[in-house]
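Reader: Hi! I have a structure open and don't know where to begin. Can you walk me through?

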Amino acid sequence: MRETAAPAVDLRASWDELVAVAMLGTDRRNPPEATAVIADVVDDTVRSTPSERMLAQVAATVAVRRAGVLPGPARSPIAGPDTDDRPGCVPAAADRWNHVISSWPVLEDEWMLTLLTSGWRVPPDLVPELLTRHRSDQIRRARAELACGPLAGWLVGHLPELAARGAASTQPDPSADDIAELPSLPIPPDLEPLLFADGDQVARQLAGAIDSGTLVHAHRAVLINLVARMRADSLGAVATALEAIDGSSIGFPLASVLADLARTRQHMLDELGRP
Amino acid sequence: MTRWSPEQVEAIAPTPAALSAARPLTTVAKWAGLGADDRAVWGSCRGSGAEPYDTMVDHVGVASRCTCPSRRHPCKHALALLLLWSAGDVPETTQPAPVAAWLAKRQVSDTGRSSDTTSPRSSTTETTPANDAAPVGGATDTPPEPVGEMPDRDRARDERVERMYAGLTELDRWLDDRMRTGLADPALAKYATWDELAARLVDAQAGSLANRIRRLAGLVGASPDWHSDVLAELGLLHLLAQAGRRLGSLPGPLADAVATTVGWSVRQADVLAGVPDTDTWIVAARSDTREDRIEVRRHWLRGATSGRWALVLSFAAYRQSLDTSLTVGTAVAADLHRYPGPALRALVGARHDEPAEPARPPAADIVSACGEIGMLLAAEPWLDRVPFTATASIAVAGSTFMLADAGGTLPLIAAGRPLATLLAVAGGEPVDVTCEWTPHGVVPLTVHLDDRSIDIGPRADDNFVSAA
């Protein structure tokens, strides 16, 4: 090893030189002279060919450069979005949103509208997911941007791939009434009275019909719509009645599904109640 | 100069088959640059490869060197060269520089030995493999010599060491060819160029290096700076090939690290039998990557007391499950059993309590984080990923986002949802973030908040792995 003090060297420049030689190959061009720091490592070895000397220099330079990892020049952090004074919804509500979109997407509009009417904002980590999910639907995009607050526009400014597209980007902004209206779901006329009936009555009728086989799997879609739109104060009683159906009953699988939906909606509305 | 007889040449052939393979090469037309003097005989044999094989034989010290990929020593080219010489078909000339350098080096290493190398038969084990450049530090790179009768297990181990040694020698020769022909060589754009080498390394029990070679193939043409990226990786492979052939002369922990990096597998039972590293381990981050046809999950753990990092790996082939027992943002009191050497890899042993949450690792500023990364890379320059936790804001230059504080910046290589989540959570404020340093930039894995941690690391494709 050399004992002389190593002068300051520009490892970046010597690496660029090595790359240039490596492109051509040592059959065409000799490796550069090793800079002092690198020469200290490789000069005491017997390297009979240019390619061997080149390999030794490359290995030593990579090792030294890696061990000397340094930060790049300091830069100013990006300015944050305007402040949003609304409180963030509770973590359970954010978790519920993930459950809703994976299991009960029929509840997503209600989740969003309840959050907006209660005065919450969504937690920041949910914002990219919401903006990505609602890029094309004009009304849902508008709701998502309202729920995300100033962070939505700020994020889109930095990551244009999150911007609205299709109708959501070309049509005029939807009216407040359009945004606030919960979409209607198809429910057969004979089930419509259950939308507004007392909880115990709905629970009794629904559980009885499912247990007896009057309402079966073929009615699943409309029953889901019914539970998704029935009075919120009926949900607990309906869920309890459906959960009570015996496992041996023909209606048990359908009852379990609807009970889960009723409980999910009940918890969702509780979590998104006013702050 | 006394030439050998054909019988003397036959005597050093490792097998009769090697001699048979050599005979077709004993025509002068197949050779260029033939020459001999009172110490050596040399020449270049045109083989099946694009480049001729440079062969030289020390007929006094009885050793040979050849650039062919054969694992037999002496190879058929060295035997053919000796047969040509014994027949009087090699002219006497002066030694070319590479031969002189090789002999000089042999002279140096021979002075450190006392073994008898005068008779052809007694000195066959002195025949050294090709590409025997002296190591940094000057240790000998002769492969382990077989020692008399030994138990089968030791013999198997020695055979394995020899195979690995031969594989590393071949790797270094291949790297040398790359240096000679250059990175602009169109052969580098062909996957077969890399795959054939990887297959030979698998045969040589150097599976980890084979994986590295296959990953390296993916760097060719992948970015405007691919020449630099590929060259750096070739340099590290050279470092490993050289170190792997000198395990015996390396300090213990470094030798362990090199051996495991090259592909020397350690049985899990042996690791679990080691002294446990007991601590409360904060699960700081998770990162999934697909390597060939295997999904690899990395859990980065940090000791709450020791501050030491550890890496717990799990693997899943198609439709298999990855480890879900460690949840980011929790802490688990457990025994970790570390693999040999300074490497971070460990196995989780006994768990002493239920996971507690929330838990977050201590965070450093960017300059200190670079210092921590540098320490780990100084110990093992070939590491692909190094964990760190920093408190930083986000800055942007052009299209590159970076972690930033008053001390400097580190470029991020995140995109899509992970980057969007990091930006949204940070806003314009500093946040604690656990990342993996890689040679190409920093991958954000976890954003730590006061009440929870958000896992934003790369996640395995659900269509590939099955839920646990």
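Author: Sure. One term to begin with: two residues are in contact if their C-beta atoms, placed from the backbone, lie within 7 Å. Also, keep in mind that this is a predicted model.

Reader: Okay. Which helices do the buried residues of helix 14 of chain A pack against?

Author: Three of them. They are helix 12 (199-212), helix 13 (220-229) and helix 15 (252-271) of chain A.

Reader: And which residues of helix 14 are buried?

Author: Helix 14 of chain A covers residues 235-243. Its buried residues are Leu235(A), Val238(A), Ala239(A), Ala241(A) and Leu242(A).

Reader: Where do they sit around the axis?

Author: They are on the same side of helix 14 of chain A, because they cover an arc of only 165 degrees around the axis.

Reader: Why would residues a few places apart point the same way?

Author: An α-helix has 3.6 residues a turn, so residues three or four places apart point the same way.

Reader: Got it. How is chain A divided?

Author: Into three domains. Domain 1 is 11-67, domain 2 is 91-180 and domain 3 is 193-271. The centres of domain 1 and domain 2 of chain A are separated by 55 Å, taken over C-alpha atoms.

Reader: New topic. How many residues of chain A are in contact with chain B?

Author: 49 residues of chain A, and they meet 56 residues of chain B.

Reader: Which helices of chain A supply at least two residues each to that side?

Author: Helix 1 (11-24), helix 3 (50-67), helix 6 (127-133) and helix 8 (150-158) of chain A. Helix 3 of chain A gives the most, with 10 residues.

Reader: What kinds of residues are on that side of chain A?

Author: They divide into 31 nonpolar, 11 polar and seven charged.

Reader: Now chain B. How many helices and strands?

Author: Chain B has 12 helices and 15 strands. Of its 468 residues, 43% count as buried.

Reader: What about contacts along its sequence?

Author: Take contacts in chain B between residues at least 6 apart in sequence. Of these, 63% join residues at least 24 apart.

Reader: I see a sheet of four strands in chain B. What order do they have?

Author: The order is 1-2-3-4, with antiparallel pairing, and the sheet is open.

Reader: Which strands stand at the edges?

Author: Strand 1 (31-36) and strand 4 (63-66) of chain B. Each has a single partner strand, so one side of each is left without a neighbour in the sheet.

Reader: How far are neighbouring strands turned against each other?

Author: By 10 degrees on average, direction ignored.

Reader: What packs on the sheet?

Author: Helix 3 (residues 76-86) of chain B does. This helix touches strand 1, strand 2, strand 3 and strand 4 of chain B. Its direction makes about 60 degrees with that of strand 3 of chain B.

Reader: How many bridges pair strand 1 with strand 2?

Author: Four, in the antiparallel sense, in chain B. One bridge partner pair is Ala36(B) and Val41(B). The two strands form a hairpin with three residues between them.

Reader: And strand 2 with strand 3?

Author: Strand 2 (residues 40-45) and strand 3 (residues 53-58) of chain B pair over six bridges, also in the antiparallel sense. Here the bridge partner of Cys45(B) is Tyr53(B).

Reader: Let's jump to strand 14 of chain B. Mostly covered or mostly open?

Author: Mostly covered. Strand 14 (residues 441-448) of chain B has seven of its eight residues buried.

Reader: How does strand 13 pair with strand 14?

Author: Strand 13 (residues 431-438) of chain B pairs with strand 14 in the antiparallel sense, over seven bridges. Cys435(B) stands opposite Pro444(B). Two residues lie between the strands in this hairpin.

Reader: And how many bridges join strand 14 to strand 15?

Author: Three bridges join strand 14 to strand 15 (residues 453-455) of chain B, and the strands run antiparallel. Thr446(B) stands opposite Asp455(B). This hairpin goes through four residues.

Reader: Last one: Ala310(B). Buried or exposed?

Author: Buried, because 25 other C-beta atoms are within 10 Å, and 20 or more count as buried. Ala310(B) is in strand 7 (residues 309-316) of chain B.

Reader: What does Ala310(B) touch?

Author: Not counting residues up to four places away in sequence, Ala310(B) touches Trp281(B), Leu301(B), Leu336(B), Arg338(B), Leu344(B) and Ala346(B).

Methods. Residues are numbered from 1 along each chain as its sequence is written. Chains are lettered from A and ligands numbered from 1 in the order in which they are written. This is a predicted model: local features need pLDDT of at least 70, side-chain atom pairs count only at pLDDT 80 or more; totals for chains, interfaces and linings use all residues. Domain bounds come from an automatic or database domain assignment. A residue is buried if 20 or more other C-beta atoms lie within 10 Å of its own, exposed if 12 or fewer, and partly exposed in between; C-beta atoms are placed from the backbone. The arc is that of the directions from the helix axis to the C-beta atoms. Ala, Val, Leu, Ile, Met, Phe, Trp, Tyr, Cys and Pro count as nonpolar, Asp, Glu, Lys and Arg as charged, and the others, Gly among them, as polar. Two strands pair if DSSP finds at least two bridges between them. Axes are lines fitted to C-alpha atoms, for helices over the stretch in contact, and angles run from 0 to 180 degrees between N-to-C directions.
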